[in-house]
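Biologist: I have the sequence and the coordinates open. Could you take me through this structure?

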There are 2 protein chains.
Amino acid sequence: MAVAKAGGRPPGRAQYDLASLLAVAVDVFIERGYDGTSMEDLARATGITKSSIYHHIDSKEQLLRLALDRSLGALFAVTEEDGAHTGRAIERLDYLVGRVVEVLAAELPYVTLLLRVRGNTETERWALERRREFDRIVRGLVAEAAGDGDLRPDVDPAIAERLVFGMINSITEWYRPGRVEVDELRRTVVAIASTGLAKAATGDR
Amino acid sequence: MAVAKAGGRPPGRAQYDLASLLAVAVDVFIERGYDGTSMEDLARATGITKSSIYHHIDSKEQLLRLALDRSLGALFAVTEEDGAHTGRAIERLDYLVGRVVEVLAAELPYVTLLLRVRGNTETERWALERRREFDRIVRGLVAEAAGDGDLRPDVDPAIAERLVFGMINSITEWYRPGRVEVDELRRTVVAIASTGLAKAATGDR
């Protein structure tokens, strides 16, 4: 974590930039829940005073918004990549699934927080709406792949989409960087999702 | 919900049996969190007094234990069924995966509560230990299927097991009885898990 100690300050009085403050805040939000976190909790976790925190941000909700914007931004960026626009729908879907796993691993606490949003504040409702927008993009791809005849006909695309993204989201429950290589995780998810859903796999067993 | 109103009582003063009390308590535990639920909350949700609740149980933790015992009991019962002991390991695994989906749908609030246990009380630690025991049974089956050469060789069985059960557990986030037929849900999960992991599916795409 990029915490720069300023010379001459008492030990333990770290000076934070906004990115480091955000990283600590997200950890506290995940541990205590956003509603259960006070500015005092954030001051304690960072070791800086509330007024130092207010030097960076106007409110606790602004921290939440920055955190959720980071994970949503990373997820939506994937939909703009070449791989998400190249080839058949099922290939674009495979690409998207794999890249979402990579984003999840790279932005683990931010995506974890995003998945816990329940809609109690305006910021959370905004994040839920953005998540629904992302889901619509994915569902569109699944429907297109089904229309191309590339999905197994015995599986309902909407249920399959929920299950595959439920599988991906569940990674936040156990994944810790370093324990499993991201590349292997991505490969395994794509293998299960892709061969599990693709038409070619039907009737093998 | 089997709430029998006793004749002559004031309206709204329902008389509860233990099963109905438990059902209401589980809903409140899920909504407020177990730690955040007081006996007052349970009295309010049931419409009966705290002393009426204490007529059935000794403590809030006893309600939690009964609830977790119900979901764990249903899950472990599956491991005793014929289908969990018949055929090759991969067939037994398919059977177990399908039956766990059915148990999840049939005991939705109880399994949802089980998945939220974090280990703050002795009862929660007991439930976590039982969950680990169940996971060991599943991992044993996955390892056996891998040993039989029935799993795709390019996928790590331990990661695959986490992903498949992550997918199953994620069902509690969105499934509501009646919106999707249990049988279709079970079929879809088994299709994704089975063809996604089975050796026969390798190399198709």
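Modeller: This is a predicted model. A useful starting point is the pair of domains in chain A: taken over C-alpha atoms, the centres of domain 1 of chain A and domain 2 of chain A are separated by 28 Å.

Biologist: Where do domain 1 and domain 2 of chain A run?

Modeller: The domain assignment gives residues 18-57 for domain 1 and residues 61-201 for domain 2 of chain A. Their contact takes nine residues from domain 1 and ten residues from domain 2.

Biologist: How many nonpolar, polar and charged residues are on the domain 1 side?

Modeller: The side of domain 1 of chain A that touches domain 2 has seven nonpolar and two charged residues, with no polar ones.

Biologist: And the secondary structure: how many helices and strands are there in chain A?

Modeller: Chain A has nine helices and zero strands, so the pattern along the sequence reads α-α-α-α-α-α-α-α-α. Of its 205 residues, 36% count as buried. Among contacts in chain A between residues at least 6 apart in sequence, 65% join residues at least 24 apart.

Biologist: Turning to confidence, what is the mean pLDDT of chain A?

Modeller: The mean pLDDT of chain A is 88, and 90% of its residues reach 70 or more. Among the elements of chain A, helix α4 (residues 60-80) has the highest mean pLDDT, 97, and helix α9 (residues 182-197) the lowest, 89.

Biologist: Where does pLDDT stay under 50 in chain A?

Modeller: One such stretch is residues 1-13 of chain A, for which the model has 16 contacts beyond four places in sequence. Another is residues 201-205 of chain A, and for that stretch the model also has 16 contacts beyond four places in sequence.

Biologist: What ipTM and pTM does the predictor give the complex?

Modeller: The predictor gives an ipTM of 0.83 and a pTM of 0.84.

Biologist: On to the two chains, then. What turn lays chain B on chain A?

Modeller: A turn of 180°, with a shift of 0.0 Å along the axis, lays chain B on chain A with an RMSD of 0.0 Å. That is the relation of a two-fold axis. The same surface serves both copies, as 100% of the contact residues of chain B recur in chain A.

Biologist: How many residues does the contact take from each chain?

Modeller: The contact takes 32 residues from chain B and 32 residues from chain A. On the side of chain B that touches chain A, the elements giving two or more residues are α8 (157-174) and α9 (182-197) of chain B. The residues of that side divide into 17 nonpolar, seven polar and eight charged.

Biologist: Which residues touch the most other members of the largest nonpolar core?

Modeller: That core has 110 residues, and the ones touching the most other members are A:V97, A:I168, A:V189, B:V97, B:I168 and B:V189.

Biologist: What does B:V189 touch?

Modeller: Not counting residues up to four places away in sequence, B:V189 touches A:L163 as well as B:V97, B:V101, B:M167 and B:I168.

Biologist: One last residue, A:T121. Is A:T121 buried or exposed?

Modeller: A:T121 is partly exposed, because 16 other C-beta atoms lie within 10 Å, whereas a buried residue needs 20 or more and an exposed one has 12 or fewer. A:T121 is found in the loop between α6 (108-116) and α7 (122-147) of chain A. A:R44 is 77 residues from A:T121 along the chain, and their C-alpha atoms are separated by 24 Å.

Terms used. Residues are numbered from 1 along each chain as its sequence is written. Chains are lettered from A and ligands numbered from 1 in the order in which they are written. This is a predicted model: local features need pLDDT of at least 70, side-chain atom pairs count only at pLDDT 80 or more; totals for chains, interfaces and linings use all residues. Copies are superposed by least squares on the C-alpha atoms of residues with pLDDT of at least 70 in both. Two residues are in contact if their C-beta atoms, placed from the backbone, lie within 7 Å. A nonpolar core is a set of buried Ala, Val, Leu, Ile, Met, Phe, Trp, Tyr and Cys residues joined through C-beta atoms within 7 Å. pLDDT is the predictor's confidence in each residue, from 0 to 100. Helices (H or I, at least four residues) and strands (E, at least two) are DSSP runs, numbered from the N terminus. Ala, Val, Leu, Ile, Met, Phe, Trp, Tyr, Cys and Pro count as nonpolar, Asp, Glu, Lys and Arg as charged, and the others, Gly among them, as polar. Domain bounds come from an automatic or database domain assignment.
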